[in-house]
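This report describes a molecular structure for a reader who is beginning to study such models. Please keep the sequence and the structure in view while reading.

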Amino acid sequence: MSDDTRDSETEGLEGKQVSDGRSHGAEERRRVHDLWVAGTEEPDWVATATDEGAQEMLPRELDPGLAAQRGVTVVDDYGEPTGLRGDELQILNMGPQHPATHGVLRLQLELDGETILRSKPIIGYLHTGMEKTAETLSYMQGGTNVTRMDYLSPFHNELCFSLVVEQLLDVDIPPRAQAIRILMTELNRVASHLIWLATFGLDIGALSMMLYGWRERESVLDFFEKVTGLRMNHNYIRPGGVAADLPDGWETDVEGILEVVRTGLGDYEAMLNENPIFVDRTQGVGIITPAEAQAYGVTGVNARATGLDYDVRKAFPYSGIEQYEFDVPVGQHGDTFDRYLLRMEEIRQSLRIAEQVIETMPPGDYRATDRKVTPPPRRRIDESMEALIHHFKIFTAGFDVPAGEVYQAVESPRGELGMYLVSKGGPKPWRLHVRAPSFATVQALPVMMSGQLIADVIATLASVDPVLGDVDR
Amino acid sequence: MAASGGEVADDPILDAVVAVAASAKVTVTTAGPVQVVVEVGREDYPALVEAARAGGFETFIDLCAVDHLAREPRFDVVVNLLSTQHTRRLLIKVGVPNEDPSLPSISMVYPGANFYERETWDMFGIVFDGHPDLTRLLMPDEWDGHPLRKDYRIGSVPVEFKATR
């Protein structure tokens, strides 16, 4: 870049500051940007949070509106804690490349010393337009797209997509396929919670937890690889059933997982539950109340930690999960420690479901017999020209889905994962909207973090388990 | 109240919702045991949402838009609310015309709608009046157009590989 261009760029920036009303009268300026260092003479140019347009923090004068808005509904402590505003008010940008933000989340924190007054999550760094992509893929291909959204719980994405399509298709899913779906999603919940535990431990300084968590999760992923061929992004659960039957000896593998993870859980709890540092850093940190959780659409463990008893598996059972016995643990404080306890218990409950699946796995087909959605068996392709054509058509043109608009939710490890499908007939969705649980959780972060110390940001953020692939899609 | 008569009357939850918005033109399209779908005009939409909240649908789940392109009104905004107490979902559909793509914001009723309305503005260009901070959420600030609209060109963005230039 030559010196000329650099000069002109600088000029452009200065010009911009004038043009978007940043240097009107002193009073005006103070109104718009109340972030100058108090106690000093009023500066000519007021430093703002960032010059990235919409990604600024709201001006304070607008924010009381926001605070009132939130105050009226649910939050009574959203505004700045009184007496904290000193001469050290500053904006700190955390992320999007910060290792503790679990991906590419950016948090704008307004700080007084080490205390957080306000915060603003800025997302979109991982936005890949998957909802738009979904409109260009057939229902047969759609699974490969959605499985990549929440990359820590691919089976839940696939299951949700399959269920929402099947709602319109009106096909009967054989009991074995349903049981396989439950087995895989519940094991996926175990894997997801384990990796959460690992990264959470890493973030708050329990480094050995990181190693143990990854190690135990590996045993689950090995099983996934054996069944689906892939460790992540499986495209295994498909409209109509699952892609393949479980391999021989799967019971032994799952029993192995049960044993390894159960032993591990005992070790983790022995290591963390009584650990004074762990307890100090998690108890009473990142609190959200039940009313706030509901109004912000926070679901899953994060909502249940507040005492809300809502689990999609119990409220709106899917794929035959109502046949299995399991409990939904509910907390009462809504803090980081409760979220930790709940996830540990959820692992146990998921293992309990997996155990029941082993005992009650029904025989039969692993996919629907409806030829509309199910490709012919491999051996038929060698014998029959029609079968070959059918197989070819189903994978190229796809199958038509009747027109309609439906919503379907499943309980992903992060909360209610929902999909809203609009079909106008034809082999591709007209619109597929994904209600991502992490999206709602990230939005509620300012509520949890207001008034806390900066070190608690890490603990709070890690404890709500956001997956940025899920947030941004 | 243009709600389709009998099925609503013996449904206490739905009654509570529709009754508060008595002046509203609310059409109940589906009244299943787990899910109720209602359609409402733009002018009655905020009243209905407030009534829904008062009527027990305390959990905000989702807000999204659908671009029907050739249809009039062109857009649908679908609000998805949940009552955990009654284990019931309420889907509210509002038509939004192409000439004036705007809708009152419900982020005053459900603060959770804040991000969802920003996303819908970002993706469909639907303006939510009264929203405290209606800016782009997922796309870059300087982005031109609203990608999830059906007439938005799908294509490739030229990528600058310097080695090939």
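Over which residues at the start of chain A does the pLDDT stay under 50? In this predicted model, the pLDDT is under 50 throughout residues 1–51 of chain A. For those residues the model has 37 contacts beyond four places in sequence. Residues 68–86 of chain A also have a pLDDT below 50, and that stretch has 32 contacts beyond near neighbours in sequence. For chain A as a whole, the mean pLDDT is 80, and 81% of the residues reach 70 or more.

## Chain A in outline

Chain A has 473 residues, of which 47% count as buried. Its secondary structure consists of 20 helices and eight strands. Among the contacts in chain A with a separation of 6 or more, 69% are between residues 24 or more positions apart.

## A helix pair and a buried threonine

Two packed helices are described by the angle between their axes and the distance between the axes. Helix 14 (residues 336–360) and helix 19 (residues 454–463) of chain A pack at an angle of about 30°, and their axes are 9 Å apart. Angles under 35 degrees count as roughly parallel, so helix 14 of chain A is roughly parallel to helix 19 of chain A. The crossing of helix 14 of chain A with helix 19 of chain A is left-handed.

Which residues meet where helix 14 of chain A touches helix 19 of chain A? Helix 14 of chain A contributes T336(A), R339(A) and Y340(A), while helix 19 of chain A contributes A459(A), T460(A) and S463(A). By class, this contact has two nonpolar, three polar and one charged residues.

T282(A), in helix 10 (residues 276–282) of chain A, has contacts with residues of this helix pair. Leaving aside neighbours within four places in sequence, T282(A) is in contact with T336(A), F337(A), Y340(A) and A459(A). Although T282(A) and T336(A) are 54 residues apart along the chain, their C-alpha atoms are separated by 5.0 Å. Is T282(A) buried or exposed? T282(A) is buried, because 25 other C-beta atoms lie within 10 Å, and 20 or more are needed for a residue to count as buried.

## Backbone features in the loops

Most residues other than glycine have a negative phi, and most peptide bonds are trans. The table lists two residues with a positive phi.

| Residue | Phi | C-beta neighbours within 10 Å |
|---|---|---|
| N235(A) | near 50° | 22 |
| L69(B) | near 60° | 12 |

N235(A) lies in the loop between helix 8 (207–228) and strand 4 (237–238) of chain A, and N235(A) is buried. L69(B), by contrast, counts as exposed; L69(B) belongs to the loop between strand 3 and strand 4 of chain B.

Where in chain B is P73(B) found? P73(B) is in the loop between strand 3 (59–67) and strand 4 (75–83) of chain B. A cis peptide bond joins E72(B) to P73(B), with an omega of about -5°.

## Where the chains meet

How many residues of chain B are in contact with chain A? There are 30 residues of chain B in contact with 39 residues of chain A. On the side of chain B that touches chain A, the elements that give two or more residues are strand 3, strand 4 and helix 4 (113–124) of chain B. Strand 3 of chain B gives the most, with six residues. By class, the residues on this side of chain B divide into 18 nonpolar, seven polar and five charged.

Terms used. Residues numbered from 1 in each chain as written. Chains lettered and ligands numbered in written order. Predicted model: local features only at pLDDT ≥ 70, side-chain atom pairs only at ≥ 80, totals over all residues. pLDDT = per-residue confidence, 0-100. Contact = placed C-beta atoms within 7 Å. Helix = DSSP H or I, 4+ residues; strand = E, 2+ residues; numbered from the N terminus. Axes fitted to C-alpha atoms, helices over the stretch in contact; angles between N-to-C directions. Parallel < 35°, antiparallel > 145°, perpendicular 65-115°, else oblique. Left-handed = near helix turned anticlockwise from the far one by under 90°. Nonpolar A, V, L, I, M, F, W, Y, C, P; charged D, E, K, R; others polar.
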